[in-house]
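Notebook open, structure loaded. I want to look up one strand residue, one annotated position and one pocket.

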Amino acid sequence: MPRFRMTVEYDGGPYVGWQRQENGPSVQGAIEAAMLSLTGETVSVRGAGRTDSGVHAMGQVIHADLSKEWSSYQLQNALNAHLRLAGERVSILDVEAAPEFFDARFSALRRHYLYRIVSRRAPLALEAGKAWWVPKVLDHEVMHAAAQRLVGRHDFSTFRAAHCQANSPVRTLDRLDVTRSGELIEIRATAQSFLHNQIRSFAGTLKLAGEGKWTPEDVEAALEARDRKACGPVAPPDGLYFMQVDYPDVIPDRRRPVIDADTDDGDADDPS
């Protein structure tokens with residue numbers, strides 16, 4: 001069966017998350033419904049990572065197997081037409097044919113996420129639901145200095161959800177940068193995989209540093225505690241975006257490529 005790789009953008013607000021669930025509409029469910037309407041087939045879509053309710057994506061990568069060949073142009077336009085007619089807040093940005101051994105999740109080398117904070121007194125109007133409103137001035141330089149204490153390979157037990165099902169809390173964090181442009185503070189994170197709620201836990205903790213309530217040393221101490229109780233408050237989902245997935249130039253010819261042990265569990269790709 002032909003396999004297709006697609007890049008997807010979505011507004012997470014109307015959905016219970018990426019993954020198909022019984023308690024409400026999901027992004028995965030919306031795409032699968034569009035494929036059913038288009039092809040008459042029940043198609044299972046696999047994503048590069050999961051996101052929680054309210055979390056957005058600008059570069060989620062998925063793959064799906066269809067029973068017939070499509071041109072990339074035709075499949076993208078047809079799926080977007082069905083998504084639009086259904087009123088979904090989901091867009092297929094790119095479609096390309098993929099080898100049968102490509103797997104959107106297990107072939108991934110790195111995942112990139114962005115967390116957006118708007119630091120100002122006035123509440124959000126245009127950005128409501130798209131960023132975390134913090135009605136006070138945050139020191140982004142202190143936040144960045146604190147973030148560097150988290151970069152590297154660590155036991156991130158402090159920064160994962162209590163119900164995270166990952167086999168191991170150990171992850172390698174390649175990047176955690178904090179920058180500011182006017183009222184907007186951006187936290188950018190890169191790793192091969194993340195734990196459930198890891199980035200939102202980072203964001204809530206770094207906010208404490210930006211407020212002057214915590215020092216970079218306090219953030220490091222929270223990391224070393226390996227205890228969820230040592231974490232700052234979990235930031236809301238509104239500001240989190242799944243930005244991009246990196247893949248090797250040549251995918252090994254096997255169903256599940258040999259990858260870092262960081263991704264050997266069920267919740268490895270759900271940082272939200």
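Before anything else, a note to self on terms: strands here are DSSP runs of E at least two residues long, numbered from the N terminus. I also keep in mind that this is a predicted model.

Entry one, the strand residue. I looked up Thr 7 and found it in strand β1, which covers residues 3-10. Next I asked which residues Thr 7 touches, leaving out those up to four places away in sequence. My list came out as Gly 59, Gln 60 and Val 61, plus Ser 91, Ile 92, Leu 93 and Asp 94. I then checked Thr 7 against Ala 104, which sits 97 residues away along the chain. Their C-alpha atoms are 10.0 Å apart.

Entry two, the annotation. Which residue does UniProt list for "active site"? The record gives Asp 52, and I noted that the entry is unreviewed. I traced Asp 52 to the loop that runs between β2 (46-47) and β3 (56-65).

Entry three, the pocket. I pulled up the largest pocket and got about 240 Å³ of space. It is lined by 15 residues, and those closest to its centre are Trp 18, Gln 28, Val 45, Arg 46 and Gly 47. Which elements give two or more residues to this lining? I got β2 and β3. The largest share comes from β3, with 3 residues. Last, I sorted the lining by character and wrote down 6 polar, 5 charged and 4 nonpolar residues.

How values were computed:
Residues are numbered from 1 along each chain as its sequence is written. This is a predicted model: local features need pLDDT of at least 70, side-chain atom pairs count only at pLDDT 80 or more; totals for chains, interfaces and linings use all residues. Side-chain values use heavy atoms; hydrogens and water are left out. Helices (H or I, at least four residues) and strands (E, at least two) are DSSP runs, numbered from the N terminus. Contact means heavy atoms within 4.5 Å. UniProt positions are given in the numbering used here, feature names are shortened, and annotations may be inferred rather than shown by experiment. On a 1 Å grid over the protein atoms alone, a cavity is a set of points where a 1.4 Å probe fits but cannot get out, and a pocket is an open set with protein on both sides within 12 Å along at least five of seven lines; lining residues have an atom within 4 Å of a point. Grid points are joined across faces, edges and corners, and a volume is the space filled by probe spheres set on the points. Ala, Val, Leu, Ile, Met, Phe, Trp, Tyr, Cys and Pro count as nonpolar, Asp, Glu, Lys and Arg as charged, and the others, Gly among them, as polar.
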